[in-house]
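Colleague: I've got the model open and I'd like a close look at one part of it. Could you take your time over it and then work outwards to the rest?

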Amino acid sequence: MTASPSTPPPDDGLSRAELAAKYGLTVSGARPGLFEYVRQLWGRRHFILAFSQAKLTAQYSQAKLGQLWQVATPLLNALVYFLIFGLILEADRGFEREVYIPFLVTGVFVFTFTQSSVMAGVRAISGNLGLVRALHFPRASLPVSFSLQQLQQLLFSMIVLFLITIGFGSYPRLSWLLIVPVLVLQFLFNTGLAMIMARLGSKTPDLAQLMPFVMRTWMYASGVMFSIPVMLEDHPDWIADILQWNPAAIYMDLMRFALIDGYGSENLPPHVWAVAGGWAVLLAVGGFVYFWKAEERYGRG
Amino acid sequence: MADEKTPDLDKGGDASKAHIPTVIADELHIVYRVNGAKTGKGSATSALSRILRRGEERGVRKVHAVRGVSFTAYRGEAIGLIGSNGSGKSTLLRAIAGLLPAEKGKVYTDGQPSLLGVNAALMNDLTGERNVILGGLAMGMSREQVKARYQEIVDFSGINEKGDFITLPMRTYSSGMAARLRFSIAAAKDHDVLMIDEALATGDRKFQKRSEARIRELRKEAGTVFLVSHNNKSIRDTCDRVLWLERGELRMDGPTDEVIKEYEKFTGK
């Protein structure tokens with residue numbers, strides 16, 4: 001620098017870095033440690049919840065029927081799938097009608113939960129650059145908030161699901177309580193996945209164009225509208241095994257097992273709860289650490 | 001190039017607080033990377049050839065927005081940032097806030113500097129009421145703090161002066177009303193280092209006066225205030241030191257009157 005800074009004598013001759021150290025200044029925008037990050041994220045829990053609810057409400061605020069669409073949309077969705085797969089394609093091989101309809105609708109809703117969490121995750125950072133560049137908060141708040149929004153959306157869908165299930169003769173019983181752990185595990189899984197997608201999507205926004213195809217492939221491979229073991233009877237066992245162990249299929253099957261009378265444990269792969277828990281923990285922890293590793297780089301470019 | 005002087009006058013804070021640095025920028029460089037802006041033609045074939053031609057970041061255009069800026073800001077200072085459009089003022093503020101990563105060099109800060117602005121967190125489809133809560137939470141206030149400040153924010157914005165507008169969606173507000181509410185939310189929090197980006201230009205005359213008063217108040221509570229504005233008068237009214245940026249470089253740094261005089265000469269005013 002050309003002119004000498006007119007700081008008081010004791011600070012003279014100190015470089016900027018030394019001056020910063022002397023007064024305890026810290027580097028702006030540095031990534032906090034993992035535990036500090038978790039603490040910061042917990043401190044923002046009210047924002048995360050408020051943001052997810054705001055997004056959910058804003059979705060239908062211009063519609064005349066308003067929040068009624070929260071329930072009407074999943075209902076229409078279920079109707080479409082029933083029309084195509086239940087009536088026209090007759091994909092209900094191996095099921096009675098009273099089982100197939102709730103089976104199909106459960107599958108659609110549970111898979112949609114994962115699907116929309118992934119899609120929202122891809123855009124969590126890249127679609128909210130304004131927010132990321134204007135305000136300070138742990139960036140993981142965004143993917144977590146979007147998954148939470150999808151969870152609330154699913155809870156609305158569950159109302160429809162309960163009505164359909166009861167309508168086809170599966171009445172509330174003790175096993176319905178299993179819905180809670182299934183939802184918790186799937187939420188953890190989805191959030192982890194959303195965080196991974198958020199980091200990838202922040203670097204490569206093109207993923208938002210690609211993901212619908214990936215998700216559709218995943219949906220058809222997970223047995224949303226058919227029973228994997230029955231459909232793949234004439235194929236080698238390992239194909240069906242792999243498809244059944246995939247997390248989407250696991251959470252769908254567990255939810256069907258909990259809700260539907262005629263869908264017993266014989267339809268579940270062995271060690272199903274361990275697998276469900278394993279996927280949830282693996283993705284939640286792995287996804288969180290993966291996301292945190294790039295914390296200081298979100299919002300660049 | 002940079003004519004660096006630290007002002008010996010301290011209009012705002014008391015003398016005992018002076019010369020404790022709160023923000024130090026050390027040879028700061030900020031580079032933006034823009035995808036797919038290399039060739040003028042945004043056609044699919046050129047995009048494809050960009051992907052195929054591997055190499056060091058082909059197809060990514062770099063914008064060097066801040067080039068080697070250094071300065072030290074002290075407690076109790078109000079610093080104005082001036083310069084023509086695109087000179088890197090807002091970018092510099094974001095870098096100080098730690099929102100944009102530095103390409104080279106470092107910014108050291110005391111505590112967490114905050115940018116005055118919550119626009120991005122607000123949603124037009126929600127009522128003003130919910131936006132006040134959402135904006136407060138987004139700035140890092142606790143639920144209790146937001147509740148305690150709620151009435152103050154609404155009163156300050158003056159949204160309810162002409163009827164019960166706070167319960168209507170924000171998309172129904174006039175642009176002036178929306179800007180007032182945004183400023184009121186943003187100004188509700190106390191900050192260590194506060195940065196304001198052209199916030200003063202919003203609202204009618206009455207509201208402008210109110211917000212200038214609020215900024216002076218914030219400045220008393222905050223350690224250091226940075227203000228970006230194209231309005232030389234509002235810089236004169238609020239700042240005692242000015243940084244003049246031009247093409248990403250620090251052209252001048254000194255007491256308000258000197259720098260603004262030079263700047264006015266430069267812009268031919």
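Colleague: What follows is my request about one strand and a long reply to it. How many residues of strand 8 of chain B are buried, and in which sense does strand 8 of chain B pair with strand 4 of chain B?

Modeller: Before the strand, some housekeeping. This is a predicted model, in which local features need pLDDT of at least 70 and side-chain atom pairs count only at pLDDT 80 or more, while totals for chains, interfaces and linings use all residues. Residues are numbered from 1 along each chain as its sequence is written, with chains lettered from A and ligands numbered from 1 in the order in which they are written.

Now, your strand. Strand 8 of chain B covers residues 224-228, and five of its five residues are buried, so the rest of the structure largely encloses it. "Buried" here means 20 or more other C-beta atoms within 10 Å of the residue's own, "exposed" means 12 or fewer, and "partly exposed" is in between, with C-beta atoms placed from the backbone. "Strand" means a DSSP run of E with at least two residues, "helix" a run of H or I with at least four, and both are numbered from the N terminus. B:Thr224, B:Phe226 and B:Val228 point one way, B:Val225 and B:Leu227 point the other way, and all are buried.

As for pairing (DSSP has to find at least two bridges between the strands), strand 4 of chain B, residues 78-82, runs parallel to strand 8 of chain B over four bridges. Strand 7 of chain B, residues 193-197, is also paired with strand 8 of chain B in the parallel sense, over five bridges. Look at B:Val228: it is the bridge partner of B:Leu81, and B:Asp197 also has B:Val228 as its bridge partner.

Stepping back, chain B as a whole has eight helices and ten strands, and 46% of its 269 residues are buried. Taking contacts in chain B between residues at least 6 apart in sequence, 73% join residues at least 24 apart; "contact" means C-beta atoms, placed from the backbone, within 7 Å of each other.

Elsewhere in chain B, B:Ile159 is worth a click. B:Ile159 sits in the loop between helix 4 (143-157) and helix 5 (175-186), and it counts as buried because it has 24 C-beta neighbours inside 10 Å. Ignoring neighbours within four places in sequence, the contacts of B:Ile159 include B:Gly128, B:Phe165 and B:Leu181. B:Ala178 is 19 residues away from B:Ile159 in sequence, and the C-alpha atoms of the two are 8.7 Å apart.

A quick backbone note: most residues other than glycine have a negative phi. B:Glu27 has a positive phi, near 45°. B:Glu27 lies in strand 2 of chain B, residues 21-35, and counts as partly exposed because it has 13 C-beta neighbours inside 10 Å. In chain A, A:His271 has a phi near 55°, also positive. A:His271 belongs to the loop between helix 12 (247-259) and helix 13 (272-292) of chain A, and with 11 other C-beta atoms within 10 Å it is exposed.

On to the partner chain. Chain A has 13 helices and one strand, and 43% of its 301 residues are buried. Its C-alpha trace spans about 90 × 50 × 35 Å along the principal axes.

Next, helix packing, with axes fitted as lines to C-alpha atoms over the stretch in contact and angles running from 0 to 180 degrees between N-to-C directions. Helix 3 of chain A (residues 45-59) packs against helix 3 of chain B (residues 128-138) at about 140°, the axes being 9 Å apart. The crossing is left-handed, which is to say the near helix is turned anticlockwise from the far one by less than a right angle, clockwise being right-handed. Among the residues that meet there are A:Phe47 and A:Phe51 from chain A and B:Ile133 and B:Leu137 from chain B.

Within chain A, helix 4 (residues 69-88) and helix 7 (residues 141-167) pack at about 50°, axes 8 Å apart, in a right-handed crossing. Residues making that contact include A:Val71 and A:Leu75 of helix 4 and A:Phe156 and A:Val160 of helix 7.

Notes: Two residues are in contact if their C-beta atoms, placed from the backbone, lie within 7 Å.
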